[in-house]
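Good morning, and thank you for making time for this item. I should like to take you through one protein chain, beginning with the whole and then turning to a few chosen places.

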Amino acid sequence: MTMKSTGIIYGSSMGNTRFVAEKIAKRLPGTKATSAKTMTREAIEAFDNLLIGTSTWGVGMFQDDFHQFSKILEQSDLTGKTVALFGLGDQMNYPDSFCDGIGIIYDLLEKKGCQIVGFWPTDDYNFSESKAVREGQFVGLALDEDNEPDMTDYRIKKWLSQISQEL
């Protein structure tokens, strides 16, 4: 049996998303977290599975590395790949754009022929709006390292157990 290759790709300005990506990689043997700014179309296409993480800046803006990465992602053939998203936001200071970044990536991926897994419940969060919510759920794991860092490990563990059969 051949193991599927999984790429964990993140964009991080202050280090929180990198920190979370590395935590995820430690729980998935044979993976490593890689910065979005180093990714190429060929590197993306070489993976069977992708775990993509980004933070949201200000009022719903992309993390800097994701401006270029999203263009590369758009050009990539993702047909048949399994993709899961994780996003970081600040639900206290930006409750009307919490984790918008993964919603923007989801919209891009939705038309790329990949299977998106890892939807996450919105329960236990305190926000007013998010581009990352579809049919009452986040399109991926939503984390708030600014206000709820004590919930991160628990949420990662639960999310990975949810998506592990898909990877």
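The protein chain exposes about 8,300 Å², of which carbon and sulfur atoms supply 48%. Please keep in mind throughout that this is a predicted model.

Let me stay with the overall picture for a moment. The secondary structure of the chain comes to 5 helices and 10 strands. Its radius of gyration is 14 Å, close to the 15 Å that the globule rule gives for 167 residues, so the chain is as compact as a globular protein of that length. Along the principal axes, the C-alpha trace spans about 45 × 30 × 30 Å. As for the interior, 52% of the 167 residues count as buried.

How are contacts distributed along the sequence? Among those between residues at least 6 apart, 75% join residues at least 24 apart. On charge, the chain carries 17 positive and 24 negative side chains, and the centres of the two sets lie 7 Å apart.

I now turn to individual residues, starting with Asn49. This residue lies in strand E3, which covers residues 49-57. Is Asn49 buried or exposed? Asn49 counts as buried because its relative accessible area is 1%, and the cut-off for that class is under 20%. Which side chain does Asn49 meet in a polar contact? The partner is Thr6, at 3.1 Å from side chain to side chain. Beyond the residues up to four places away in sequence, Asn49 touches Lys4, Ser5, Thr6 and Gly7, together with Thr82, Glu166 and Leu167.

The second place is Asp65, found in helix H3, residues 64-75. Asp65 is buried too, with a relative accessible area of 15%. Its C-alpha lies 5.4 Å from that of Lys37, although the two residues are 28 apart in sequence. Lys37 is also one of the contacts of Asp65 outside its neighbours within four places in sequence; the others are Gly11, Ser12, Ser35 and Ala36.

The third place is Thr122, in the loop between strand E7 (120-121) and strand E8 (133-134). Why does a loop residue such as Thr122 count as buried? The reason is that its relative accessibility is 19%, and the class takes in values under 20%. The side chain of Thr122 reaches the backbone oxygen of Gly136 at 3.3 Å. Gly136 also appears among the contacts of Thr122 beyond four places in sequence, with Phe127, Val133, Gln137 and Phe138. For Phe138, which is 16 residues from Thr122 along the chain, the separation between C-alpha atoms is 6.2 Å.

Finally, I come to helix H4, residues 100-109. How many of its 10 residues are buried? The count is 8, and the helix is therefore described as mostly covered. The buried residues begin with Asp100, Gly101, Ile102 and Gly103, and continue with Ile105, Tyr106, Leu108 and Leu109.

To close, I would return to Asn49 and its polar contact of 3.1 Å with Thr6, and to Thr122 and its 3.3 Å approach to the backbone oxygen of Gly136. Thank you for your attention.

Notes. Residues numbered from 1 in each chain as written. Predicted model: local features only at pLDDT ≥ 70, side-chain atom pairs only at ≥ 80, totals over all residues. Heavy atoms only, no water. Helix = DSSP H or I, 4+ residues; strand = E, 2+ residues; numbered from the N terminus. Rg over C-alpha atoms; globule rule 2.2 N^0.38 Å. Buried < 20%, exposed > 50% of the residue type's maximum accessible area, 1.4 Å probe, protein only. Contact = heavy atoms within 4.5 Å. Areas by Shrake-Rupley, 256 points an atom, 1.4 Å probe, with all protein chains shown as cover. Lys, Arg positive; Asp, Glu negative; His and termini not counted. Charge placed at Lys NZ, Arg CZ, Asp CG, Glu CD. Polar contact = N/O pair within 3.5 Å; in protein donor to acceptor, adjacent residues only side chain to side chain.
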